[in-house]
Amino acid sequence: MRIVVVGGVAAGMSAASRARRHDPGAQVTVFERGSEVSYGACGLPYVIGGDVERFEDLIARTPAQLRGRGIGVRLRHEVTGVDAAARTVTVQGRAAGRTVTEPYDRLLIATGVRAVRPEWAQTDLGGVHVLRDLPDGRAIQASLRGARRACIVGGGNIGLEMAEALRSRGLEVTLLEQAPEVAGRMLDREYQRRVRAEVERGGVEVRCGTAVEGLGSRGGRVTEVQTGSGPLRADVVIVAVGVQPNTELAQAAGAALGQTGAVAVNARQETRVEGVYAAGDNTESTHRVTRRKVHLPLGLTANRMGRVAGVNMAGGDARFPGVVGTAIFKTFGLGVARSGLTQAEAGELGLDALSVDVESTDHAGYYKDAAPIHVRLTAERASGRLLGVQLVGQPGSVKRVDVVAALLHRRGHAQDLFELDLAYAPPFSGVWDVLLVAADRLG
Ligand code: FAD
């Protein structure tokens, strides 16, 4: 069995490892156009901010370790074509400049996403960056030397993580967001405001409702960001305005795209082309709450899709269970988490949803360091079926999002949540945890 994997980060490497484990006789080759594989891109802001010492710390396994596990890794090799009828891929070796044809029995396309670069950001100017991979991280790090002012464009989770990272490095930071608030794709408006307030407390100037119109430069380096409300001086500009799935190779193989614009697969991660699988950020999945197709490019999803694809490519039978839209991030002293749908998203889908808000402390109020936590729990008005949860509070406290995520997976109701025997001791929660209080109010 010859298994070829395109893309060597989360989905690709999970698939390669699983395939080898399932069928130790399989010949597994991973082609990666970059110079590194098997690393945690999620850690990049923390290296830049100084919480993690070195970029190399993010690497889970080196190519040599992977080869020791029987996985062939070909770095700086870009797969440029697929002939699904002949079951071959065309591979261009960047160093040698050679093009070769490689046969496969099963092919996984795990090519991830790329950062969206608006027209004004399509430039080679020094100091203008996106953040997707290790080279981007190193380039930002290099740009920070001698820099005093940074401008982050985009107030999503990566923009907000970078705001904290660059403040930690002592820069003056302005965050520009076109939408009326930050964290717009994740939270309802009231919760977005809490996030903005925290970022402002951290010393970042946040300008919402502000679109970038262009960049100014001198000597090949960016010097200012031009907006409708005037120019802003900047030595470094981080563009974090969204991502777009890398679907070209899958399309070249004959795979279909779904409604979301990402690659369409079945629960076995098979595309419509026999022998061709897709997994990770380039692939859409099914939302278990709405039963709709979604494109939610996240780390666990990518790893799990890769694992499923790996088992199936090696002759097993695994299924991807779908997602419930769980996400979490930290900015300054605040943890932000959500699962399922927000009230606004439920409304857009035509669901009659009811939300309750609970404001309390993350553990017993009389115990030291009790801090505020805000929870919004959303359910279907008539049935009480849980639709979603949003939490903001101290970083550790919002991980309780997982309790609701578990119930969302099982199409649970507010009453099911209320009846749970959750852990209690004063340093961890109130005797009635905030989630139980919220469920009780909804029930
Ligand atoms: P990728 O990691 O994008 O890997 C795809 C690989 O394919 C790339 O290395 C690319 O070079 C290679 N490739 C593409 N085309 C070809 C080709 N034709 N030939 C050869 N190679 C090719 N997720 C979370 O859940 N939580 C977080 O906190 C979080 N934080 C993040 C922070 C940052 C800054 C970033 C960038 C991402 C973050 N993510 C987070 C997202 C998470 O990193 C991704 O979901 C995950 O890396 C996706 O893995 P993947 O294998 O699908 O794609």
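Partly exposed denotes a relative accessible area between the buried limit of under 20% and the exposed limit of over 50%. Arg74, at 30% relative accessibility, therefore counts as partly exposed in this predicted model. Glu102 has a relative accessible area of 18% and is therefore buried, under the 20% limit. The side chains of these two residues, Arg74 and Glu102, form a salt bridge, with an N to O distance of 3.9 Å. The pair connects distant parts of the chain. Arg74 lies in strand S3 (residues 71–74), and Glu102 lies in strand S6 (residues 99–103). They are 28 residues apart.

In total, 26 salt bridges were counted. Side chains of opposite charge can pair when their charged atoms come close. Another such pair is Glu36 and Arg138, whose side chains meet at 2.7 Å, N to O. This bridge also links distant parts of the chain, with the two positions 102 residues apart in numbering. Glu36 sits in the loop between strand S2 (27–31) and helix H2 (44–49). Arg138 belongs to helix H4 (residues 134–144). Glu36 is buried, at 18% relative accessibility. Arg138 is partly exposed, with a relative accessible area of 29%.

A further salt bridge joins Asp357 to Arg376. The closest N and O atoms are 2.8 Å apart. Here two strands are linked: Asp357 is in strand S23 (residues 353–361), and Arg376 is in strand S24 (residues 372–380). The two residues are 19 residues apart. Asp357 is partly exposed, with a relative accessible area of 39%. Arg376, at 7% relative accessibility, counts as buried because it falls under 20%. The pair is part of a wider arrangement. Salt bridges with shared partners join Asp188, Glu190, Asp357 and Arg376 into one network.

The nonpolar interior was examined next. The largest nonpolar core comprises 38 residues. Ile48, Met162, Leu166 and Val195 have the most contacts inside this core. Helix H5 (residues 157–168) gives the most to the core, contributing five residues. The surroundings of Val195 were listed without residues up to four places away in sequence. On that basis, Val195 touches Leu160, Val182, Leu187 and Thr331. Leu334, Val336 and Val392 are also among its contacts. A second core of 30 residues is separate from the largest one. Its members include Ile71, Ala279, Met305 and Phe320.

Technical notes
Residues are numbered from 1 along each chain as its sequence is written. This is a predicted model: local features need pLDDT of at least 70, side-chain atom pairs count only at pLDDT 80 or more; totals for chains, interfaces and linings use all residues. Side-chain values use heavy atoms; hydrogens and water are left out. A salt bridge is a side-chain nitrogen of Lys or Arg within 4 Å of a carboxyl oxygen of Asp or Glu. Helices (H or I, at least four residues) and strands (E, at least two) are DSSP runs, numbered from the N terminus. Buried means under 20% relative accessible area, exposed over 50%, partly exposed in between (1.4 Å probe, protein chains only). A nonpolar core is a set of buried Ala, Val, Leu, Ile, Met, Phe, Trp, Tyr and Cys residues joined through side-chain atoms within 4.5 Å. Contact means heavy atoms within 4.5 Å.
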